[in-house]
Structures are given as structure tokens and as C-alpha cells.
Amino acid sequence: MEIKGIYTADEHRYDLSAQMYQRCGRSGVLLPKVSLGFWHNFGGVDPYERSRAITHFAFDHGITHFDLANNYGPPYGSAEETMGRLIDDDFRPYRDELFIASKAGYDMWPGPYGNWGSRKYLMASLDQSLKRMHLDYVDLFYSHRYDPETPLEETLQTLVDIVKTGKVLYVGISRWPLEALKTADEYLRSRDVPLLIYQGRLNMLDREPIDNGVLDYCHEHGIGFIAFSPLAQGLLTDRYLNGIPSDSRMARERFLKKEALTPQLLDYLRQLKKEADSRNETIAQQALRWVLQQNGVTSVLVGASSTTQLATNLSVI
Ligand SMILES: NC(=O)c1ccc[n+]([C@@H]2O[C@H](COP(=O)([O-])OP(=O)(O)OC[C@H]3O[C@@H](n4cnc5c(N)ncnc54)[C@H](OP(=O)(O)O)[C@@H]3O)[C@@H](O)[C@H]2O)c1
């Protein structure tokens with residue numbers, strides 16, 4: 001599918017504003033309740049015009065927040081390159097309406113300086129991300145994972161310093177344990193760079209941030225919480241009820257393994273489908289609504305391989 005001509009965003013994109021946006025913790029930032037992630041479907045291996053159509057659909061329906069990381073692709077870096085192309089082709093005039101996030105923390109380049117949480121890695125990675133995305137700044141930069149070896153103060157001071165460079169407006173952390181989250185919150189607050197948001201996996205099959213107290217901590221301390229993989233990478237949909245479609249994430253077997261589809265899970269999904277049918281809903285809508293109803297959740301960060309999927313996911317608003 002080729003998109004011709006210059007993109008003009010839908011003039012009705014903010015019609016649902018009152019329902020769509022939610023304050024992120026105790027900050028000045030409003031985020032859409034449904035945000036779009038670029039982990040899959042936006043890499044160099046994916047058709048650009050499809051990624052572009054999904055992004056247009058998102059923005060045309062009020063999704064202002066796009067979530068990336070240095071290593072999203074494949075290959076690594078290519079989701080950010082797709083974003084750079086989208087900025088050049090379509091979104092430069094809308095830059096101030098977008099809230100774009102990137103991250104560093106997982107392996108990105110070879111050698112001792114392309115991974116984890118050192119100042120050396122985070123600073124260099126951010127510069128690379130900005131180049132790939134053709135941006136002067138990102139709205140949000142995350143430490144992508146907790147690094148048990150690097151002193152927390154080194155990672156946290158780097159987050160403070162990058163905000164002061166003007167290349168980043170807000171900072172977040174992803175998948176840090178509760179004790180480290182508390183340290184980060186106190187350290188950053190005392191240096192006037194409050195932690196905007198915590199990114200963690202939360203869905204009906206994985207309630208870890210509820211069980212380990214992270215969600216409550218964020219809620220009580222004015223930190224936003226964005227739930228990644230709210231559909232458990234597609235398990236919490238009707239995608240796998242009748243086998244494994246050849247174009248699905250599970251068929252690619254990298255991040256979603258076939259072993260995940262146990263008879264118990266299938267029973268659970270069939271039960272969910274019955275409940276969803278009785279309400280004229282899909283499993284996906286039910287699963288997203290469940291996450292959004294948890295106290296302290298600012299946004300569900302969905303992935304989508306088509307505009308149809310995204311439309312279903314958006315209909316929970
Ligand atoms: N911080 C971290 O460590 C971390 C880790 C993981 C993800 N994330 C972020 O979270 C984002 C979302 O993660 P995710 O992609 O795992 O989220 P997800 O929403 O749980 O799964 C998305 C996948 O589910 C399927 N799907 C989505 N909507 C559907 C629908 N309505 N009906 C049927 N199938 C549907 C699609 O799979 P098919 O491709 O099979 O169609 C889609 O690619 C990522 O892009 C990334 O930005 C962050």
C-alpha cells in the first residue's frame with residue numbers, strides 16, 4: 001500500500017480529548033490512555049508503508065505518544081530510523097503535538113560501552129537515537145533496565161545531566177525493582193528532575209507490578225505508570241484461539257514462544273471469549289480495559305501489526 005501526497009492529520013483527532021488523555025502522575029504531561037509502541041512492526045524488515053499507515057491512524061485518532069528504544073527493529077536501531085523517516089515524510093509539522101520516548105539499557109553495540117547503565121553508554125546512545133530519529137530532543141528518555149553492577153547514582157545522575165543538556169525533557173525508568181525505584185524517585189526529585197513515569201509489564205496474565213508494590217508506589221508518589229505488553233504480546237486476543245496464524249508474532253518464535261500456548265491458557269482464553277462475547281466485546285478490549293482500570297495506570301502501551309488491530313484497541317476509550 002503506497003500512501004500518496006502530503007500527510008495532513010485528521011482535523012477531528014482531538015475530538016475525544018476528555019476521555020482520551022490522562023495526567024501522568026503529578027506532572028504537567030497528559031498522555032493518551034492508549035499509546036503506540038515501536039518494538040515490533042516498525043523495523044527495517046517491516047514494510048515502511050504499513051508502519052506509516054499504522055502511525056497515521058494512531059495520530060489521526062489522538063495517539064500522541066510513541067514509544068521507542070535504541071534497539072527496536074530488527075535490525076537494532078531501525079525502528080528509530082523508521083521514526084526519522086516518518087518525521088521527515090509526515091510529522092515534522094506536528095512535532096510539538098507528539099510525545100516521543102526512547103530508551104537505552106539493553107545490548108546495542110559491541111564491546112563494554114554498548115549495554116547496561118553507565119554514563120558512557122546512556123550519553124552516547126541518546127546521541128545516536130536522536131540522529132536516527134532526525135530529532136533535536138526526545139520528550140522522554142528511559143533507563144531501559146536496572147543494572148545491578150553500575151552504581152545507581154551514576155545512572156541517575158546521567159538522567160539528571162541529560163535533561164540539563166536540553167536533549168531530553170523528562171526521564172523514566174523501566175523494569176527497575178521496587179527498592180531501586182524508591183532510590184530513583186528520591187534522588188531525581190532532590191535534583192529537580194522528578195521521575196515522570198515507570199514502564200512495566202502489566203496484563204491479565206502478568207500482574208507483577210501490582211504484586212510487588214511498584215504500581216502502588218508510583219500511584220502514591222505522583223509517578224505515572226505505563227503498562228507495556230497489555231495484551232501479553234497478542235496472547236490476550238482472539239489471535240491464537242484456532243491455531244497459530246503464519247503472520248503472527250508467535251509464528252516468528254523470537255519473543256513469543258509456541259510453548260506459551262498451553263491447554264490451560266487456551267481454556268482461560270475461551271472463557272474470556274465467552275465473557276467478552278456476552279458483552280459484545282473482544283478479548284483484546286476486555287484485556288485493555290482491565291489494565292486501564294488498575295489504580296495508577298496512566299496508559300496502555302500497545303503494539304499493532306495493522307490499523308484494524310489498533311482500531312479495536314482504541315475502541316476501549
Ligand atoms: N520496557 C520494556 O522492557 C518493554 C518490553 C516490551 C515492550 N515494550 C513496549 O511496549 C510496546 C507494546 O508491547 P507489545 O507489542 O508486546 O504489546 P501488546 O499490545 O501486548 O502486543 C502487541 C501484539 O499483539 C497483537 N495484537 C495487538 N492488538 C490486537 C488485536 N486487537 N487483535 C489481535 N491481535 C492483536 C499483534 O500481534 P501480531 O504481530 O501477531 O499481529 C501485536 O503486534 C512495545 O512496542 C514497546 O514499545 C517495552
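**A walk around a closed barrel**

Gly73 sits in the loop that links strand 4 (65-67) to helix 3 (78-91). Helices here are DSSP runs of H or I with at least four residues, strands are E runs of at least two, and both are numbered from the N terminus. This is a predicted model, in which local features need pLDDT of at least 70, side-chain atom pairs count only at pLDDT 80 or more, and totals for chains, interfaces and linings use all residues. Residues are numbered from 1 along each chain as its sequence is written.

Is Gly73 buried or exposed? Gly73 is buried, because 21 other C-beta atoms lie within 10 Å. The cut-offs are these: buried means 20 or more other C-beta atoms within 10 Å of the residue's own, exposed means 12 or fewer, and partly exposed is in between, with C-beta atoms placed from the backbone. Setting aside neighbours within four places in sequence, Gly73 is in contact with Gly43, Gly44, Ser78 and Ala79. Contact means that two C-beta atoms, placed from the backbone, lie within 7 Å. Val45 is 28 residues from Gly73 along the chain, yet their C-alpha atoms are separated by 7.6 Å.

Helix 3 follows the loop of Gly73. Its buried residues are Ser78, Ala79, Glu80, Thr82, Met83, Leu86 and Phe91. The buried residues of helix 3 pack against helix 2 (48-60), strand 4, strand 5 and helix 4 (119-133).

Now take the strands. Strand 4 runs parallel to strand 5, and 3 bridges join them. Two strands count as paired if DSSP finds at least two bridges between them. His65 stands opposite Phe99 in strand 5. Strand 5 (residues 99-104) is largely enclosed by the rest of the structure, because 6 of its 6 residues are buried. Both of its faces are covered. Phe99, Ala101 and Lys103 are buried on one side, and Ile100, Ser102 and Ala104 are buried on the other.

Where do these strands belong? They are part of a closed barrel of 8 strands, in the order 3-4-5-6-7-8-9-10, with parallel pairing. Neighbouring strands of this sheet are turned by 30° against each other on average, direction ignored. Strands of a sheet pair through backbone hydrogen bonds, either parallel or antiparallel.

Further round the barrel, strand 6 (residues 138-143) pairs with strand 7 (residues 168-174) in the parallel sense over 5 bridges. Ser143 has Ile173 of strand 7 as its bridge partner.

Helix 5 (residues 152-165) and helix 6 (residues 178-190) pack at an angle of about 45°, with their axes 10 Å apart. Helix 5 is therefore oblique to helix 6. Axes are lines fitted to C-alpha atoms, for helices over the stretch in contact, and angles run from 0 to 180 degrees between N-to-C directions. Angles under 35 degrees count as roughly parallel, over 145 as roughly antiparallel, 65 to 115 as roughly perpendicular, and the rest as oblique. On the helix 5 side, Leu152, Glu153, Leu156, Leu159 and Val160 make the meeting; on the helix 6 side, Ala180, Thr183, Ala184, Tyr187 and Leu188 do.

Strand 8 (residues 195-201) runs parallel to strand 9, joined by 5 bridges. Ile197 has Gly224 of strand 9 as its bridge partner. Strand 9 also pairs with strand 10 (residues 299-302) in the parallel sense, over 3 bridges. Here Phe228 stands opposite Leu301. Strand 9 is largely enclosed by the rest of the structure, because 5 of its 5 residues are buried. Gly224, Ile226 and Phe228 point one way, while Phe225 and Ala227 point the other.

Ser229 lies in the loop between strand 9 (224-228) and helix 9 (249-252). Ser229 is buried, with 24 other C-beta atoms within 10 Å. Beyond its neighbours within four places in sequence, Ser229 is in contact with Arg201 and Asn203. Val300 is 71 residues from Ser229 in sequence and 8.1 Å away in space, C-alpha to C-alpha.

Last comes the core. The largest nonpolar core has 82 residues, and Leu140, Val171 and Ala227 have the most contacts inside it. Helix 11 (residues 283-292) gives the most to this core, with 5 residues. Such a core is a set of buried Ala, Val, Leu, Ile, Met, Phe, Trp, Tyr and Cys residues joined through C-beta atoms within 7 Å. Ala227 touches Gly200, Leu202, Val291, Val297, Val300 and Leu301, not counting residues up to four places away in sequence.
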